[in-house]
Amino acid sequence: MNWFIYTMTVVFLFTTYNLLQRKLAVHAKNPRAMAVIFNGIAATMALVIFIIGGSYKNFSLPTQSEAWIALFVAIFCYGMFERYKFTAAKLLDASVLSTIGNLSVLVAVVGSLFIYAENFSTNKLIGSILIILSLFLVSFSKKWVKLSTKGILAALFINIMLGIGWMLDKKGAEYFNINTYNIFVWTVPILFVYFPHIPFKVLKEELKTASWKIYLLAAINVAGYLLQLKALTLAEATRVIPIVQTSTLFTVIIGVIVLKERDSVVKKIIASCMAVVGVYFLSVTH
C-alpha cells in the first residue's frame, strides 16, 4: 500500500472524526474533563494495539538527543492541543473554527520545509495553494457575529500547537518506530490535559454525557493518526499534511449532502473542485 492510499484513508477517518466531534463538543459541560476522558480512552487503545500487534517485541529507544527533543516538544504541543480543543469547539461556530484550523497546515508545511529540507516543487506549490484556498473559501462566512475572544485565542493557540506537532511527527516516526512513537504521543500528553486536578465525579458525568460516541471518536483518531504516521514515513510531510487537511473540506461537503446544509452550495462545490485538483498535484511524483 503506497503513501497516497494511506493518506486518503486518513482523510476519510478524520472527516468522520470532525463530524462526530462537533456533536460531543457542543454537549460537553466541562471541555477539559471531556479531553481527559478522550485522551485516556485513546491512550488505552494505543497500548492495546501496541501489545496485540506484537510491537513490544521490537521495542527500542534512540540514543540521539535530537530524537528526544523532538519527542518532548511534540508531546507538549499535542498536550496543549488536546487540553483546549474541546474548549475552542464549544465556543466557536464550526465555520470559524475551520477557517482558523488552516493555520495548522501553514505551520506544518513551512516548518517541514526547513527541518527536513524537502524539495518544494511547482506541483507541491500549486497543490498546497489550491487546497489552502479551498479551505478558506469553504469555511469563510459573512455571518460571523459575537465571536468569543477566548474561543479565538484558544483556536489560534491549538492550531499552532497542532502544526508544530505535525511538523515533528515525521522525525519522531523515523527515530523511534511508528507504534512506539504513537504510545508516547497518546499517553504522556494526558499529564498536560489533566492537571490541575479534575474531580472524578466530573469525569464520570462527562463520560455519561458522551456515552459510546467518545469511544468511537477515540478509535477513529488513533487509527487515523497511526496511518498518518505510516504515510509520513513513505512520503514527504509537505505532500501528506495538506492532503490530510482536506478532511475539513469533506466535513463541510458531507454537511451539504447528509445534514442538508444548503447554504453557499456553489461556493462549496467550487472549493471541492479546487481541493481535488490540489490533491492531484500533490499526489504526482514530479
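Okay, let's start with a term: a residue is buried when its relative accessible area is under 20%, exposed when it is over 50%, and partly exposed in between, using a 1.4 Å probe and protein chains only. Take phenylalanine 72: its relative accessible area is 53%, so it counts as exposed.

Before we go on, a word on what we're looking at. This is a predicted model, where local features need pLDDT of at least 70 and side-chain atom pairs count only at pLDDT 80 or more, while totals for chains, interfaces and linings use all residues. Residues are numbered from 1 along each chain as its sequence is written, and side-chain values use heavy atoms, with hydrogens and water left out.

So, the overall picture. The protein chain has 13 helices and zero strands. Helices here are DSSP runs of H or I with at least four residues, strands are E runs of at least two, and the numbering starts at the N terminus. Of the chain's 286 residues, 51% are buried. About 13,500 Å² of the chain is exposed, and carbon and sulfur atoms supply 71% of that; these areas come from the Shrake-Rupley method with a 1.4 Å probe, and for residues only the protein chains shown count as cover. Now contacts, meaning heavy atoms within 4.5 Å. Among those between residues at least 6 apart in sequence, 91% join residues at least 24 apart.

Let's go inside. A nonpolar core is a set of buried Ala, Val, Leu, Ile, Met, Phe, Trp, Tyr and Cys residues joined through side-chain atoms within 4.5 Å. The largest one here has 80 residues, and Phe38, Tyr181, Trp186, Ile214 and Leu217 have the most contacts inside it. Helix α2, residues 31-52, gives this core its largest share, 11 residues. If you click on phenylalanine 38 and skip anything up to four places away in sequence, you'll find that it touches, among others, Tyr17, Phe86, Trp186, Ile214 and Leu217.

Next up is helix α7, residues 178-187. Seven of its 10 residues are buried, so the rest of the structure largely encloses this helix. Tyr181 and Trp186 are among those buried residues, along with Ile183 and Val185. What do the buried residues of α7 pack against? They pack against α2, α3, α6 (149-175), α8 (190-194) and α10 (212-234). At the N-terminal end of α7 there's a cap: a side-chain oxygen of asparagine 177 lies 3.2 Å from the backbone nitrogen of asparagine 179.

Back to phenylalanine 72, our opening residue. You'll find it in helix α3, residues 65-91. Its C-alpha atom is 9.3 Å from that of phenylalanine 184, though the two are 112 residues apart along the chain. Phenylalanine 195 sits in the loop between α8 and α9 (200-210). Its contacts, leaving aside neighbours within four places in sequence, are Arg32 and Arg83.

Now for charges. Side chains of opposite charge can pair when their charged atoms come close. We call it a salt bridge when a side-chain nitrogen of Lys or Arg is within 4 Å of a carboxyl oxygen of Asp or Glu, and that rule gives four. One of them joins glutamate 66 and lysine 171, at 3.0 Å from N to O. Glutamate 66 is in helix α3 and lysine 171 in helix α6, so this pair ties together parts that are 105 residues apart in sequence. Glutamate 66 has 40% relative accessible area, so it is partly exposed, while lysine 171 is buried at 13%.

Another salt bridge pairs lysine 85 with glutamate 82, with the closest N and O atoms 2.8 Å apart. These two are three residues apart in helix α3, so about one helical turn separates them. Both are buried. Then there's arginine 239 with glutamate 236, at 3.1 Å between the closest N and O atoms. Is arginine 239 buried or exposed? At 6% relative accessibility, arginine 239 is buried, whereas glutamate 236, at 29%, is partly exposed.

Last stop, threonine 238, in helix α11, residues 237-244. It is buried, with 0% relative accessibility. Apart from neighbours within four places in sequence, threonine 238 has contacts that include Val109, Leu113, Phe120 and Leu282.

That's the tour, thanks!

Terms used
Polar contact = N/O pair within 3.5 Å; in protein donor to acceptor, adjacent residues only side chain to side chain.
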